[in-house]
Amino acid sequence: MNKMLKALNKQVYEELASAYLYLSMNTYFKAEGFDGMANWMYKQWKEEISHAGKISEYINDRGGRVELEALPKPQVNWSSPLAAFKAAYKHERHISSCIHKLVELARKDGDLPTENMLAWFVSEQVEEEATAMDIVDKLEKIGDNISALYMYDSLLGQRE
Ligand SMILES: [Fe+2]
Ligand SMILES: [Fe+2]
């Protein structure tokens, strides 16, 4: 497998590790009684699985073969919903930097198909960061206002 496909293989791992983290956050929110945020994280888990699938299919299309890596055990508890979403935001920033490095590598190789495939992920990461940032911002404003927190929880639960 060439260098680019190896790097993409690593990204399959990154996306699955993201899924694993968000499923862990789903169970944390569920245990804490924040059903809306739990639902939001469940949707996020599915989305990350689909990202891993997209890259995996691309590797197959290019004649490579995905070799799945072992996933690390994700964190189990957070000190508050705000702390969890701050961690999600930080994680998305990390994923963005992974994607940007892949784009650089594709450019260096003059690998136009890969650069083109990655363009979708570049835009997706802008969305992912903006969404997580917005939730962090709102949770900071809510502070320790419990009724506002539950109202916001049910709003997040409406995520399709
Ligand atoms: Fe992703
Ligand atoms: Fe993501």
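This is a stop-by-stop tour of a predicted model, with what to select at each point.

**The whole chain**

Start with the full protein chain in cartoon. Five helices and zero strands appear. From the N terminus on, the order of elements reads α-α-α-α-α. Taken along the principal axes, the C-alpha atoms fill a box of roughly 55 × 25 × 25 Å. Colour by burial next: 29% of the 160 residues count as buried. Then look at contacts between residues at least 6 apart in sequence. Of these, 76% join residues at least 24 apart.

**Helix 1**

Select residues 3-32, which form helix 1. Put a distance between the end C-alpha atoms; they are 44 Å apart. The 30 residues of helix 1, at 1.5 Å each, should span 44 Å, so the expected and modelled spans agree. Step off the end of the helix. Just after helix 1 sits Gly33, with a positive phi of about 85 degrees.

**The loop to helix 2**

Now select Phe34, in the loop between helix 1 and helix 2. Is Phe34 buried or exposed? Phe34 counts as buried, because 22 C-beta neighbours lie inside 10 Å and the cut-off for burial is 20 or more. Show what surrounds the side chain. Beyond residues up to four places away in sequence, Phe34 touches Phe29, Pro81 and Asp153. For a sense of scale, add Met4. Phe34 and Met4 are 30 residues apart along the chain, and their C-alpha atoms are separated by 41 Å.

**Helix 1 against helix 2**

Add residues 35-61, helix 2, to the helix 1 selection. Two packed helices are described by the angle between their axes and the distance between the axes. Here the angle is about 165 degrees, and the axes are 8 Å apart. That angle makes helix 1 roughly antiparallel to helix 2, since angles over 145 degrees count as such. The crossing of helix 1 past helix 2 is left-handed. Colour the contact residues by type: 19 are nonpolar, seven polar and four charged.

Within this pair, centre on Ile55 of helix 2. Ile55 has 23 other C-beta atoms within 10 Å, so it is buried. Leaving aside neighbours within four places in sequence, its contacts are Leu8, Gln11, Val12 and Glu15. Pick out Val12 for a distance. Ile55 and Val12 are 43 residues apart in sequence, yet 6.3 Å apart in space, C-alpha to C-alpha.

**Helix 2 against helix 5**

Keep helix 2 and bring in helix 5, residues 146-156. Their axes come within 6 Å and cross at roughly 30 degrees. Helix 2 and helix 5 are therefore roughly parallel to each other. This crossing, too, is left-handed. From helix 2, show Gly36, Met37 and Trp40; from helix 5, show Asp153, Ser154, Leu155 and Leu156. These residues make the contact. They divide into four nonpolar, two polar and one charged.

**The loop before helix 3**

Move to Lys73, in the loop between helix 2 and helix 3. What is its environment? Lys73 is exposed, because 8 other C-beta atoms lie within 10 Å, where 12 or fewer is the limit. Draw a line from Lys73 to Ala17. The two are 56 residues apart in sequence and 8.9 Å apart in space, C-alpha to C-alpha.

**Helix 3**

Select residues 81-109 for helix 3. At 1.5 Å a residue, its 29 residues should span 42 Å, and the end C-alpha atoms are 42 Å apart, which agrees. Now show the buried side chains: Pro81, Ala84, Phe85, Ala88, Tyr89, Glu92, Ile95, Leu102 and Ala106. Which helices do the buried residues of helix 3 pack against? They pack against helix 1, helix 2 and helix 4. Just past the end of helix 3, Gly110 takes a positive phi of about 65 degrees.

**Helix 4 and the last stop**

Finish on residues 112-142, helix 4. Zoom to Ile142, which lies in this helix. Ile142 is partly exposed, with 18 other C-beta atoms within 10 Å. Not counting residues up to four places away in sequence, Ile142 touches Ala148, Leu149 and Tyr152. Zoom out and add Lys10. Ile142 and Lys10 are 132 residues apart in sequence and 38 Å apart in space, C-alpha to C-alpha.

Terms used. Residues are numbered from 1 along each chain as its sequence is written. Chains are lettered from A and ligands numbered from 1 in the order in which they are written. This is a predicted model: local features need pLDDT of at least 70, side-chain atom pairs count only at pLDDT 80 or more; totals for chains, interfaces and linings use all residues. Axes are lines fitted to C-alpha atoms, for helices over the stretch in contact, and angles run from 0 to 180 degrees between N-to-C directions. Helices (H or I, at least four residues) and strands (E, at least two) are DSSP runs, numbered from the N terminus. Angles under 35 degrees count as roughly parallel, over 145 as roughly antiparallel, 65 to 115 as roughly perpendicular and the rest as oblique. A crossing is left-handed if the near helix is turned anticlockwise from the far one by less than a right angle, and right-handed if clockwise. Ala, Val, Leu, Ile, Met, Phe, Trp, Tyr, Cys and Pro count as nonpolar, Asp, Glu, Lys and Arg as charged, and the others, Gly among them, as polar. Two residues are in contact if their C-beta atoms, placed from the backbone, lie within 7 Å. The expected span of a helix is 1.5 Å times one less than its number of residues.
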